Amino acid sequence: MFGSAGWFVVSQDALGSRQECEHACWAALEEQQRVVVDRTNIDEVQRSHWVGIARKTRVPQNGIVCLSFNVHPDVCKQRVMSRK
């Protein structure tokens, strides 16, 4: 969805590790690309890490947005089980 709209998508499912996600996020932001971090960041502390990367690469404050979805655990389990 976002990738086809010109966003650089950082996904641990695709990249394999948090470290690879951090590297990809940092590199894309340094190139002034728009980035979506598609990752389970359960709490504010985990999300703040990604906000910190954005700030260090001089993304304007009004250019940083965090979305948190409140999904019932049963739905999450179904989605995980349906993955390839």
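This is a short talk on the fold, the nonpolar core and a few individual residues of the structure shown above.

Let me begin with the status of the coordinates: this is a predicted model, and the mean pLDDT of the protein is 88, with 95% of its residues reaching 70 or more. When the elements are ranked by mean pLDDT, helix 2 comes out highest at 94, while helix 4, residues 73–82, comes out lowest at 89.

As for the overall architecture, the protein has four helices and two strands, and if you follow the chain from the N terminus, the elements run β-α-α-β-α-α. The C-alpha trace spans about 40 × 25 × 25 Å along its principal axes, and of the 84 residues in the protein, 19% are buried. If we take the contacts with a separation of 6 or more, 55% of them are accounted for by residues 24 or more positions apart. One pair that illustrates distance in sequence against distance in space is Ala27 and Thr57, which are 30 residues apart along the chain, with their C-alpha atoms 9.3 Å apart. Ala27 belongs to helix 2, and its relative accessibility of 31% means that Ala27 counts as partly exposed.

I would like to turn now to the interior. In soluble globular proteins, nonpolar side chains tend to be buried together. Here, the largest nonpolar core has 12 residues, namely Val10, Cys21, Ala24, Cys25, Ala28, Leu29, Val35, Trp50, Val51, Ile53, Ala54 and Ile64. Two elements, helix 2 (18–30) and helix 3 (44–56), each give two or more residues to this core, and helix 2 gives the most, with five. Which residues does Cys25 touch, if we leave aside those up to four places away in sequence? They are Val10, Val35, Val37, Trp50 and Ile53.

Since helix 2 contributes so visibly here, let me stay with helix 2 for a moment. Its 13 residues should span 18 Å at 1.5 Å a residue, and the C-alpha atoms at its ends are indeed 18 Å apart, so the expected and modelled values agree. The buried residues of helix 2 are Cys21, Ala24, Cys25, Ala28 and Leu29, and because these fall within an arc of 125° when one looks down the helix axis, they line one face of the helix. On the other side of helix 2, Gln19 and His23 are exposed. As to what the buried residues of helix 2 pack against, the partners are strand 1 (8–11), helix 1 (12–15), strand 2 (35–38) and helix 3.

Helix 3 can be described in a similar way. Helix 3 has 13 residues and reaches 18 Å from its first C-alpha to its last, close to the 18 Å expected at 1.5 Å a residue. Its buried residues are Trp50, Val51, Ile53 and Ala54, and what covers them includes helix 2 and strand 2.

Next, a word on charged side chains. Side chains of opposite charge can pair when their charged atoms come close. How many salt bridges does the count come to in this model? The count comes to one salt bridge, and it is formed by Glu22 with Arg18, the closest N and O atoms being 2.8 Å apart. Glu22 and Arg18 both lie in helix 2, four residues apart, which is about one turn of the helix. With relative accessibility between 20% and 50% taken as partly exposed, Glu22 at 23% therefore counts as partly exposed, and Arg18 at 25% counts as partly exposed too.

Finally, I want to point out two backbone positions in loops. Helix 2 is followed by Gln32, a residue other than glycine whose phi is nonetheless positive, near 60°. Gln32 sits in the loop between helix 2 and strand 2, and because its relative accessibility is 74%, Gln32 counts as exposed. The other position is Arg58, also a residue other than glycine, whose phi is positive and near 65°. Arg58 is found in the loop between helix 3 and helix 4, and at 76% relative accessibility Arg58 counts as exposed.

To close, I would return to helix 2, which gives five residues to the largest nonpolar core, and which also holds both Glu22 and Arg18.

Methods:
Residues are numbered from 1 along each chain as its sequence is written. This is a predicted model: local features need pLDDT of at least 70, side-chain atom pairs count only at pLDDT 80 or more; totals for chains, interfaces and linings use all residues. Side-chain values use heavy atoms; hydrogens and water are left out. A nonpolar core is a set of buried Ala, Val, Leu, Ile, Met, Phe, Trp, Tyr and Cys residues joined through side-chain atoms within 4.5 Å. Buried means under 20% relative accessible area, exposed over 50%, partly exposed in between (1.4 Å probe, protein chains only). Contact means heavy atoms within 4.5 Å. The expected span of a helix is 1.5 Å times one less than its number of residues. The arc is that of the directions from the helix axis to the C-beta atoms. pLDDT is the predictor's confidence in each residue, from 0 to 100. A salt bridge is a side-chain nitrogen of Lys or Arg within 4 Å of a carboxyl oxygen of Asp or Glu.
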